[in-house]
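Visitor: I'd like to go through this one and ask how the labels are earned. Can you show it to me?

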Amino acid sequence: MLRLLTAGESHGPKLTAMIDGMPAGLSVDIAYIEAELAARQGGYGRSGRQKIEKDKIDITGGIRHGLTTGAPVCFEIQNRDHGNWTTVMNSAAIDLSALDEAGKKQIQDKRIERFRPGHADLSGTIKYRLKEVRDVLERSSARETAARVGAGSLAQLILRALGVKLTAHVVAIGPVSMNSLSREEQERIEAMDLGELLLASRDSSVYCPHEGLSEQMEATILQALKDGDSLGGVVRVLVDGLPPGLGSSFQWDRKLDGQLAQSLMSIQSAKAVEIGTGVENAALPGSLVHDAMHRDESGKSPCYYVGRKTNRCGGLEGGMTNGERLILHVYFKPIPTMKKGLPSLSFPAFTDSFAHYERSDVCAIPAASVVAGAMVSLTLANAFLDKFAADTMVDLQESVETYRQYVRNLTKGKVDNAP
Ligand code: EPS
């Protein structure tokens with residue numbers, strides 16, 4: 001099992017990630033991981049914080065001479081902004097009377113007393129019996145997603161070595177959505193190779209593969225900035241090359257659709273996950289929903305001789321992959337930190353006030369697309385390792401290839417399927 005743990009506060013010295021269960025012999029492309037980290041920092045609508053940070057990965061365990069060793073992989077990402085927060089974020093016990101004037105001012109200025117509706121502030125302060133809101137804010141901050149992207153990029157290297165292609169891009173920002181494009185235009189984008197689609201998205205300032213819409217999205221973000229408001233949006237993750245049978249339908253916690261939804265819903269601000277055309281399907285009769293099968297004599301369908309004309313189920317049936325493209329949409333709420341603060345309460349007196357504001361992203365949906373891709377990569381790499389338990393990449397690649405050959409022969413209709 002591939003298990004990720006992260007630690008570190010938004011303005012603390014660094015983020016730390018530990019991944020247990022990485023197979024040995026994975027060639028680690030640091031430049032690729034750092035390009036993903038840079039992509040997560042980018043996108044139109046980010047706050048001034050990203051001008052301070054320059055996320056780099058410092059490996060502290062599990063990788064030697066460019067290859068994973070099979071030991072837990074551990075890495076750190078420095079928070080450059082911490083230099084401005086050394087007194088506020090110091091782990092040592094603090095004696096206010098012993099601080100100089102500058103230290104006292106730093107502590108006072110950074111004290112947070114007014115809850116932001118929509119953030120973890122209220123529940124976390126109550127739950128952990130905190131003395132001020134900052135202690136919950138620091139860890140619930142989406143700064144933590146830098147660690148997820150570092151780990152997810154490693155997982156994506158596993159997927160690449162298994163011939164799997166993954167792309168994540170922005171579909172909507174606020175009211176501006178790819179759904180407004182003509183059917184032909186949407187089909188043109190859907191037909192693109194996932195590598196090309198990723199390049200086209202990353203070319204855009206908002207990671208949307210459609211040029212005209214990207215401009216509209218940028219204008220919408222600019223307007224929200226002027227209004228002191230924030231914006232949410234929708235992100236799409238697409239994956240090609242998954243063999244049928246990843247996941248399981250036999251136990252609730254082993255269903256891959258459930259695991260994907262959990263990993264995506266855990267991203268800060270994510271509020272809904274859709275698989276295939278899941279939302280629309282609920283209102284249609286089964287005959288218009290399920291993806292009919294036919295024999296594809298060429299054997300070149302994603303599930304070899306099993307052809308499908310539609311993929312409304314988004315590549316998942318019965319909690320397992322079915323060989324077709326995986327299609328996921330993640331819906332994010334707008335960021336709760338807004339210049340235009342909402343009515344709220346002040347801690348500890350619980351008197352009427354307005355939500356705290358210091359600085360914030362206006363829109364982090366482009367960054368969220370990178371994080372969503374990372375979370376799906378981790379979940380899928382884990383699903384591969386669950387089905388094809390392997391200590392090394394060579395063993396994993398061999399087992400997956402043998403299985404693919406079996407599926408090809410089976411769907412041709414020529415093989416005895418006895419276990
Ligand atoms: C965040 C608030 C902002 C974001 C931060 C997430 O940080 P700050 O309060 O320092 O301006 O920039 O995200 C990152 C630092 C990052 O790297 O993604 C929040 O409250 O969630």
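Visitor: Where is Phe350 found?

Guide: Phe350 sits in the loop between strand S16 (343-346) and strand S17 (351-354); strands are DSSP runs of E, at least two residues, numbered from the N terminus. Mind that this is a predicted model, where local features need pLDDT of at least 70, side-chain atom pairs count only at pLDDT 80 or more, and totals for chains, interfaces and linings use all residues. Residues are numbered from 1 along each chain as its sequence is written, and side-chain values use heavy atoms, with hydrogens and water left out.

Visitor: Why is Phe350 called partly exposed?

Guide: Its relative accessible area is 39%. Buried means under 20%, exposed over 50%, and partly exposed in between (1.4 Å probe, protein chains only), so Phe350 counts as partly exposed.

Visitor: And what makes Cys74 and Cys313 buried?

Guide: Same cut-off: Cys74 has 14% relative accessibility and Cys313 has 16%, so both fall under 20%.

Visitor: Why is Cys313 not bonded to Cys303?

Guide: A disulfide needs a pair of cysteine sulfur atoms within 2.5 Å. The closest cysteine sulfur to that of Cys313 is in Cys303, 11 Å away, so it's too far for a bond. By this rule the count is zero disulfides.

Visitor: What makes Arg143 a polar contact of the ligand?

Guide: A polar contact is a pair of N or O atoms within 3.5 Å. An N or O atom in the Arg143 side chain is 2.8 Å from a ligand oxygen, so the pair qualifies. A polar backbone atom of Ala142 lies 2.9 Å from a ligand oxygen, and a polar side-chain atom of Arg46 lies 3.2 Å from one.

Terms used: Helices (H or I, at least four residues) and strands (E, at least two) are DSSP runs, numbered from the N terminus. A polar contact is a pair of N or O atoms within 3.5 Å; within protein, one must be able to donate a hydrogen and the other to accept it, and residues adjacent in sequence count only if both atoms are side-chain atoms.
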